[in-house]
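This report looks at charged side-chain pairs and at one packing of helices. The sequence and structure come first.

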Amino acid sequence: MAKNPNIPSLKEARIFQKERLAKGGNLLVVPFSAGKNVEASDELDHVSLMIVKGIADTLGSAEKLFTILVEQDAQSADFIIKGRIVQMEEKSTFPKPWQKKTRQFNLAVEGSILSVDTEEILAKFSQTKSEESQANRFEAFGYDIGVEIGRFLLLNAH
């Protein structure tokens, strides 16, 4: 499949059982947890929820191949997306004395799409985002990564 330059793609993504995903179904997205060497915090929780929102917005705006479930309906899930935030780092830089201080933001996630009935891993993915900015970018990165996960799921379920 040729890559569309207008659609950002995940750094690494593999589908193991495309035919299972192509059937669609109920999807539960578990908020991403802190990975090794990443501190659990309110900010991490917020970024995690932005990833879930990005996935839900992307899948909700497409044809109804997947139905996003809320936690109360988890028992009717066909698929679960689970992941970890493996890097959430901010570094300040002072390029030159007369320039504004900028910050380097790095956010990396990895995760899997699992089948509920067989507990098999249907797909794996990872993504890293980095940018220098004066504003906080973690929330925006989280949402963007969620959108990319949603697009990956839609493109590979056809």
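In this predicted model, the count of salt bridges comes to 7. Side chains of opposite charge can pair when their charged atoms come close. Three of the pairs are listed below with their N to O distances.

| Salt bridge | N to O distance |
|---|---|
| Glu 12 with Arg 14 | 2.9 Å |
| Asp 57 with Lys 53 | 3.0 Å |
| Glu 148 with Lys 129 | 2.8 Å |

Glu 12 and Arg 14 are both placed between the cut-offs for buried and exposed, which are under 20% and over 50% relative accessible area. Glu 12 has a relative accessible area of 39% and is partly exposed. Its partner Arg 14, at 45%, is partly exposed as well.

The pair of Asp 57 and Lys 53 sits within one element, helix H2. The two residues are 4 residues apart there, about one turn of the helix. Asp 57 is partly exposed at 30% relative accessible area, and Lys 53 is partly exposed at 40%.

The salt bridge between Glu 148 and Lys 129 joins two elements. Glu 148 belongs to helix H3 and Lys 129 to strand E7 (residues 121-133), so this pair ties together parts that are 19 residues apart in sequence. Glu 148 has a relative accessible area of 3% and is buried. Lys 129 has 18%; because buried means under 20%, Lys 129 also counts as buried. Elsewhere, Arg 20, Asp 117 and Glu 120 are joined into one network by salt bridges that share partners.

Helices H2 and H3, which hold some of these residues, also pack against each other. Two packed helices are described by the angle between their axes and the distance between the axes. For H2 (residues 42-61) and H3 (residues 138-156), the angle is about 35° and the axes are 7 Å apart. The crossing of H2 past H3 is right-handed.

On the H2 side, the contact is made by residues including His 46, Val 47, Met 50, Ile 51, Gly 54 and Ile 55. Lys 53 and Asp 57 are also among them, and these two form the salt bridge within H2. H3 contributes residues including Phe 138, Tyr 143, Val 147, Ile 149, Leu 153 and Leu 154, together with Gly 142, Gly 146 and Gly 150. Sorted by class, the contact has 11 nonpolar, 6 polar and 5 charged residues.

Note on methods:
Residues are numbered from 1 along each chain as its sequence is written. This is a predicted model: local features need pLDDT of at least 70, side-chain atom pairs count only at pLDDT 80 or more; totals for chains, interfaces and linings use all residues. Side-chain values use heavy atoms; hydrogens and water are left out. Axes are lines fitted to C-alpha atoms, for helices over the stretch in contact, and angles run from 0 to 180 degrees between N-to-C directions. A crossing is left-handed if the near helix is turned anticlockwise from the far one by less than a right angle, and right-handed if clockwise. Contact means heavy atoms within 4.5 Å. Ala, Val, Leu, Ile, Met, Phe, Trp, Tyr, Cys and Pro count as nonpolar, Asp, Glu, Lys and Arg as charged, and the others, Gly among them, as polar. A salt bridge is a side-chain nitrogen of Lys or Arg within 4 Å of a carboxyl oxygen of Asp or Glu. Buried means under 20% relative accessible area, exposed over 50%, partly exposed in between (1.4 Å probe, protein chains only).
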